[in-house]
Every structure is written in C-alpha cells, then in structure tokens.
Amino acid sequence: MLAGKRASCNHSDTQAMTISQRHHYIPRFLIDNFADSDNKVWVYNKEKRMILKSKQSSKSIFFEMGRNNFDVNGETVDNIELLYSEIDNLLSKYLDKVLSTHSMTGRELTMIILLVTLTKWRIPASDEKFR
C-alpha cells in the first residue's frame, strides 16, 4: 500500500525502516509468465551474444540495486519502487485474467497497454530520455 508507513519522506525512525534495493526494470510477474515448471527462465546475454549456462529465477535477473532509490532532504527513499510494486500488483491480476481466459475487455486491453508502456520507461535503455 503506497500510503503506508514508508511512503512518507518525513519520518523519524528512518534507521528502522527497510529500503528496498533489488529494483526490477522488468516486473517479476511478467518474467514468471515465461518460466518453466522449475520457475526459472533461460536468459540470453545480448552483449555476449550467448545464452547463460543455467536457467535463472525472476529474482536474479533484470534488476539494478537501488535503481529507484532517491535522496530527499538527506534521506534515502524508495517511493518510486513502492509505486511500481502497487502498479505491478494491479497489472499482474489483469494479465493473469487475460492469459487464463484468452479474451479481454476494453478495460483489460487498457491495462495491458499500460503494462507495456510502463515497462518501456522502466528499462535502462530509456534512462537517457530522462536526463
């Protein structure tokens, strides 16, 4: 829940708060839809032009440590990551429904378009557009 304890930048017990670090630019729920029965996927390393030797879990790929953490008045916050988590939770339900029914309503189509659009802006290749 975005409006929860950690969403505020003004709290006195910052040290007790856990700020997320493993920030996926491709949502884990999306990766998991490509996983085999062992919940892992084969990964192609584009730079080395090769498939990795072993399959990977969604937790271990397509992320950067602290990617969405920001300093606000001397305090590290992960509000953007919390927002992504909320959105991913919502969008995963729409994707699950579309995949299980093989059909979609106008609302579900809108949510899938939102998923694609947000994913485009989350990937590192889009970073330059924000500088």
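Me: Where is H24 found?
Reply: Before the answer, remember that this is a predicted model, where local features need pLDDT of at least 70, side-chain atom pairs count only at pLDDT 80 or more, and totals for chains, interfaces and linings use all residues. Residues are numbered from 1 along each chain as its sequence is written, and side-chain values use heavy atoms, with hydrogens and water left out. Helices (DSSP runs of H or I, at least four residues) and strands (runs of E, at least two) are numbered from the N terminus. By that count, H24 sits in strand 1.

Me: Is H24 buried or exposed?
Reply: Buried means under 20% relative accessible area, exposed means over 50%, and partly exposed lies in between, using a 1.4 Å probe and protein chains only. H24 has a relative accessible area of 7%. Because that value falls under the lower cut-off, H24 is buried.

Me: Which backbone oxygen does the side chain of H24 reach?
Reply: Start with what H24 touches, a contact being heavy atoms within 4.5 Å. Leaving aside neighbours within four places in sequence, the contacts of H24 include S58, K59, I61 and E81. At 3.0 Å, its side chain reaches the backbone oxygen of S58.

Me: How far apart in space are H24 and E64?
Reply: Along the sequence, 40 residues separate H24 and E64. Yet the chain brings them together in space, and C-alpha to C-alpha they are apart by 6.5 Å.

Me: Where is Y25 found, the residue that has a contact with R67?
Reply: Not counting neighbours up to four places away, Y25 touches F62, F63, E64, R67, T119, R122, I123 and P124. Y25 counts as buried because its relative accessibility is 17%. It is found in the loop between strand 1 and helix 1.

Me: How far is the C-alpha atom of Y25 from that of N68?
Reply: These two residues are 43 residues apart along the chain. In space, their C-alpha atoms are separated by 9.5 Å.

Me: Which residue has a side chain that makes a polar contact with the side chain of R67?
Reply: R67 lies in the loop between strand 6 (63-65) and strand 7 (70-72), and it counts as buried because its relative accessibility is 18%. Its contacts beyond four places in sequence include Q21, H23 and Y25, along with R122, I123 and P124. A polar contact is a pair of N or O atoms within 3.5 Å; within protein, one must be able to donate a hydrogen and the other to accept it, and residues adjacent in sequence count only if both atoms are side-chain atoms. At 2.6 Å, the partner of R67 is D127.

Me: What is the length of the polar contact between the side chains of S20 and H23?
Reply: S20 is found in the segment before strand 1 (22-24). At 24% relative accessibility, S20 counts as partly exposed. S20 and G66 are 46 residues apart in sequence, with their C-alpha atoms 7.2 Å apart. As for H23, its side chain joins that of S20 through a polar contact of 2.9 Å.

Me: Which residues does I112 touch, not counting residues up to four places away in sequence?
Reply: I112 lies in helix 3 (residues 106-122), and it counts as buried because its relative accessibility is 18%. From I112 to S92 is 20 residues in sequence and 9.3 Å in space, C-alpha to C-alpha. Setting sequence neighbours aside, I112 touches L95 and V98.

Me: What is the phi of N73?
Reply: Most residues other than glycine have a negative phi. N39 has a positive phi of about 60° although it is not a glycine, and it is found in the loop between helix 1 (28-32) and strand 2 (40-41). N73 lies in the loop between strand 7 and strand 8 (75-77), and it counts as exposed because its relative accessibility is 75%. N73 is not a glycine either, and its phi is positive, about 55°.

Me: How many helices and strands are there in the protein chain?
Reply: From the N terminus on, the elements run β-α-β-β-β-β-β-β-β-α-α. Of the 131 residues, 29% count as buried. In total, the chain has three helices and eight strands.
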